[in-house]
Amino acid sequence: MTIDFYYIPGSAPCRAVMLTAIALGVELNYKLTDVMEGKQFEPEFLKINPQHTIPTINDNGFSLWESRAIMGYLVNKYGKDDSLYPKDPVKRAVVDQRMFFDLGTLYQRLADYYYPVYFAGAAFDPEKKTKIMDALQFLDTFLSKSTYAAGEQLTIADLTLVATVTTLEVVDFDLSSFKNIIRWLDVVKKNAPGYEEANGKNVLAFKALVDNLMKGR
């Protein structure tokens with residue numbers, strides 16, 4: 001039985017879940033949920049996720065949302081091994097820290113800077129851009145000590161972070177001063193299973209959306 005997956009292609013959290021599913025060989029039943037049209041507020045969806053957020057999965061009656069929780073669940077339940085999410089307490093703690101860093105710092109600062117402009121017509125706030133730069137410097141420092149975000153193998157930390165960083169990349173945020181991030185991006189793009197299918201083409205869908213929203217402003 002496949003897992004119902006409520007998503008929109010351009011969403012970074014949705015792309016991270018797609019990357020994880022492909023890496024695991026897990027089949028998803030894609031259910032496009034256009035938040036711009038308010039599909040997340042339809043009664044059928046609210047029964048699954050009262051918080052009305054995407055991505056959301058329904059795995060044979062078990063509903064879960066928040067992309068990083070979904071990613072961990074998929075590995076724990078369907079992973080043939082623990083390479084994407086190590087069971088060793090120390091290694092897993094580093095993966096968790098990187099994922100929480102993405103959730104609460106890097107992705108959050110991206111959203112704080114760009115989303116009020118794209119979706120509410122606000123002006124760009126230079127102070128919020130500086131906070132993104134600070135977050136990227138943290139990530140660059142993490143990556144100065146290892147090939148991947150949490151060590152020497154690809155983990156779900158890389159999959160959530162690459163979805164965020166490539167979002168910055170397609171909206172022309174200048175990443176050139178972050179040499180370790182540039183190196184890591186190249187490694188993940190080459191080595192994450194199904195990268196182009198899950199993230200490469202879909203981050204361009206995000207770019208197309210925001211380009212359309214910004215026309216005439």
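Leaving aside neighbours within four places in sequence, which residues is T166 in contact with? In this predicted model, select T166 together with R15, L185, K189, Y195, N199 and V203, which are its contacts beyond four places in sequence.

**T166 and helix α6**

T166 belongs to helix α6, residues 156-170. With a relative accessible area of 1%, the residue falls under the 20% limit and therefore counts as buried. Display the backbone of V162 as well: its oxygen is reached by the side chain of T166 at 2.6 Å.

**T20 and helix α1**

Move next to T20, which is located in helix α1, residues 12-24. Is T20 buried or exposed? T20 counts as buried because its relative accessibility is 0%. The side chain of T20 reaches the backbone oxygen of A16, at 3.0 Å. To show the surroundings of T20, select M71, L74, V75, I156 and L159, which T20 touches when residues up to four places away in sequence are not counted.

**The largest nonpolar core**

In soluble globular proteins, nonpolar side chains tend to be buried together. Here the largest nonpolar core comprises 70 residues, and L106, Y114, L136, L139, I156, I181 and W184 have the most contacts inside it. Helix α4, residues 89-120, supplies the largest share of this core, with ten residues. For a single view into the core, centre on L136 and add L106, L168, F173, L175, F178 and I181; L136 touches each of these, with residues up to four places away in sequence not counted.

**R92 in helix α4**

Remain on helix α4 and select R92, which has its place there. Beyond four places in sequence, R92 touches N76, Y85, P86 and K87. The Y85 contact deserves a distance label: the side chain of R92 reaches the backbone oxygen of Y85 at 3.0 Å. For a longer line across the model, join the C-alpha atoms of R92 and K179, which are 26 Å apart in space and 87 residues apart in sequence.

**The largest pocket**

Which residues lie nearest the centre of the largest pocket? Select I8, S11, V35, Y107 and Y115, which hold that position among the 28 lining residues. The elements that give two or more residues to this lining are α1, α3 (67-78), α4 and α8 (195-214). Of the lining, the largest share is six residues from α4. Colouring the lining by residue class gives 18 nonpolar, seven polar and three charged residues. The volume of the largest pocket is about 770 Å³.

**Backbone features in the loops**

Three loop positions complete the tour. Begin with I54 and P55, which are joined by a cis peptide bond with omega about 0 degrees. P55 is in the loop between α2 (43-48) and β3 (56-59).

Continue to E66, in the loop between β4 (62-65) and α3. Phi of E66 is near 80 degrees, a positive value in a residue other than glycine. E66 counts as partly exposed because its relative accessibility is 29%, a value between the 20% and 50% limits.

Finish at D172, in the loop between α6 and α7 (179-191). D172, again a residue other than glycine, has a positive phi, near 65 degrees. Its relative accessible area is 64%, so D172 is exposed.

Key. Residues are numbered from 1 along each chain as its sequence is written. Side-chain values use heavy atoms; hydrogens and water are left out. A nonpolar core is a set of buried Ala, Val, Leu, Ile, Met, Phe, Trp, Tyr and Cys residues joined through side-chain atoms within 4.5 Å. Buried means under 20% relative accessible area, exposed over 50%, partly exposed in between (1.4 Å probe, protein chains only). Helices (H or I, at least four residues) and strands (E, at least two) are DSSP runs, numbered from the N terminus. Contact means heavy atoms within 4.5 Å. A polar contact is a pair of N or O atoms within 3.5 Å; within protein, one must be able to donate a hydrogen and the other to accept it, and residues adjacent in sequence count only if both atoms are side-chain atoms. On a 1 Å grid over the protein atoms alone, a cavity is a set of points where a 1.4 Å probe fits but cannot get out, and a pocket is an open set with protein on both sides within 12 Å along at least five of seven lines; lining residues have an atom within 4 Å of a point. Grid points are joined across faces, edges and corners, and a volume is the space filled by probe spheres set on the points. Ala, Val, Leu, Ile, Met, Phe, Trp, Tyr, Cys and Pro count as nonpolar, Asp, Glu, Lys and Arg as charged, and the others, Gly among them, as polar.
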